[in-house]
Amino acid sequence: MQNKNILVIGASSGIGLSVAKLAVQNGANLYTVSRRSTAALQDLSTRHYVLDVVSEDIVLPQLPDALHGLVYCPGSITLKPFHRLTEKDIRSDYDINVGGAVKVLQALYPNLKKSGNGSVVLFSTVAAQVGMSHHASITMAKSALEGLGKSLAAEWAGSSIRVNVIAPSLTDTPLATSLLSTPEKREASAKRHPLGRVGTPEDMAAAVVFLLSDASAWITGQVLHIDGGMSSVKML
Ligand SMILES: NC(=O)c1ccc[n+]([C@@H]2O[C@H](COP(=O)([O-])OP(=O)(O)OC[C@H]3O[C@@H](n4cnc5c(N)ncnc54)[C@H](OP(=O)(O)O)[C@@H]3O)[C@@H](O)[C@H]2O)c1
């Protein structure tokens, strides 16, 4: 990551913050964006910009001409029975998970291309692979994002830009607070995963840094399932 210019969108908490920390430890020139500027970010060696990627006309900050890595983290967990979902719920999940990513990717394509070896990492969910009740809205949005990732991997390969998607299962971040708010919920969630625990932001950050680095130079168009075996393993 030495001398690579890396932008993490959604770096003020959770997975994005963990990615930001690991990228700095690995020598990246880090740029970060989120709606808040937190103390944890101020402790990091980053140029942070406050921005809401869902707002109408976003203006991205001044970034280097060459951007080697872009990580898009903003997302949502709207869990509701399908018959109770409103159009607003569905639109809001789409806007943050897909709409924001589209705006950022379109704006930064020239910078990624200029780097000569750009890498994009997007975040889906295990629920886009395995049907889960009450996940219809978020799954529609994340499945669209996976489609976008694969399509762009094809379209941008000629510009030497790789695009990959990480699909986590439940990960211990502020986004998942309500799902992990009691010891009973934590234990039940851990038991649902073949590896016997929920994910950590560090589990995700390690994979992101790998996908941003030259160690993954021949990997593009993939959906990497980091989910303690949830999407692929059945315990008998
Ligand atoms: N945690 C899980 O269990 C889990 C499971 C499956 C998939 N995922 C996916 O993993 C990704 C990261 O999730 P996380 O758990 O790390 O979430 P998180 O803790 O809520 O962090 C999300 C980050 O995005 C920023 N953000 C949110 N809305 C934004 C906006 N409109 N404009 C700019 N920044 C915005 C937040 O900062 P501000 O509030 O300061 O803007 C925060 O830094 C998401 O895409 C999520 O869907 C998570």
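**Close-up 1. The buried side of helix 4 in this predicted model.** Ser137, Ile138, Thr139, Ala141, Lys142, Leu145, Glu146, Gly149, Leu152, Ala153 and Trp156 are the buried residues of helix 4. Pick out this set and look at what lies against it: helix 3, strand 5, strand 6 and strand 7 (223-226) are the elements that these buried residues pack against. As for the helix itself, helix 4 has 22 residues and spans 31 Å between its first C-alpha and its last. That is close to the 32 Å expected at 1.5 Å a residue. A general point helps when reading the list of buried positions: an α-helix has 3.6 residues a turn, so residues three or four places apart point the same way.

**Close-up 2. Tyr109 and Trp156, a stacked aromatic pair.** The count of aromatic pairs in this model comes to one. Here it is: the ring centres of Tyr109 and Trp156 sit 4.8 Å apart, with 25 degrees between the planes. Why call the pair stacked? Planes under 30 degrees apart count as stacked, so the label follows from the angle. Tyr109 belongs to helix 3 (residues 87-115) and Trp156 to helix 4 (residues 136-157), so the pair ties together parts that are 47 residues apart in sequence. And how covered are the two partners? Tyr109 is partly exposed, at a relative accessible area of 26%, whereas Trp156 is buried, at 7%.

**Close-up 3. Ser160, in the loop between helix 4 and strand 6.** This view moves to the loop that runs from helix 4 to strand 6 (161-168), where Ser160 is found. Check the backbone here: Ser160 has a positive phi of about 55 degrees, although it is not a glycine. Ser160 counts as partly exposed, with 39% relative accessibility. Setting aside residues up to four places away in sequence, Ser160 touches Gly116, Asn117 and Gly118. Lys113 is another residue to find in this view: its C-alpha atom and that of Ser160 are separated by 7.0 Å, with the two positions 47 residues apart along the chain.

**Close-up 4. Thr125, in the loop between strand 5 and helix 4.** Now for the loop ahead of helix 4, which follows strand 5 (118-123) and holds Thr125. Is Thr125 buried or exposed? At 14% relative accessibility, Thr125 counts as buried. Its contacts, leaving out residues up to four places away in sequence, are Lys142, Glu146, Ala167 and Pro168. Two of these turn up in the first close-up too, as Lys142 and Glu146 are among the buried residues of helix 4.

**Close-up 5. The ligand and its polar contacts.** The ligand is surrounded by 30 residues, and the closest are Ser12, Ile15, Arg35, Asp52 and Thr173. Zoom in on the ligand's oxygen atoms for the polar contacts. One oxygen atom of the ligand is 2.4 Å from an N or O atom in the side chain of Thr173. With Ser13, too, the partner is a side-chain N or O atom, at 2.9 Å from a ligand oxygen. For Cys73 it's the backbone that takes part: a polar backbone atom there is 2.9 Å from an oxygen atom of the ligand. Taken alone, the ligand exposes 880 Å², and the protein buries 94% of that.

**Close-up 6. Ile96 of helix 3 and its contacts.** Ile96 lies in helix 3. Its contacts, again without residues up to four places away in sequence, are Val54, Tyr72, Pro74, Gly75 and Ser76. The C-alpha atoms of Ile96 and Asp52 are 9.6 Å apart, and the two residues are 44 residues apart along the chain. Asp52 also appears in the ligand view, as one of the closest residues to the ligand.

**Close-up 7. Ser18 in helix 1, and Asn3 before strand 1.** Ser18 has its place in helix 1 (residues 14-25), and with 9% relative accessibility it counts as buried. Apart from neighbours within four places in sequence, Ser18 is in contact with Pro201, Glu202 and Ala205. Asn3 lies in the segment before strand 1 (5-9) and is exposed, with a relative accessible area of 59%. Its phi is near 65 degrees, a positive value in a residue other than glycine.

Definitions and conventions: Residues numbered from 1 in each chain as written. Predicted model: local features only at pLDDT ≥ 70, side-chain atom pairs only at ≥ 80, totals over all residues. Heavy atoms only, no water. Phe/Tyr/Trp six-rings, centres within 6.5 Å; stacked < 30°, edge-to-face > 60°. Helix = DSSP H or I, 4+ residues; strand = E, 2+ residues; numbered from the N terminus. Buried < 20%, exposed > 50% of the residue type's maximum accessible area, 1.4 Å probe, protein only. Contact = heavy atoms within 4.5 Å. Near = heavy atom within 4 Å. Polar contact = N/O pair within 3.5 Å; in protein donor to acceptor, adjacent residues only side chain to side chain. Areas by Shrake-Rupley, 256 points an atom, 1.4 Å probe, with all protein chains shown as cover. Expected span 1.5 Å × (residues − 1).
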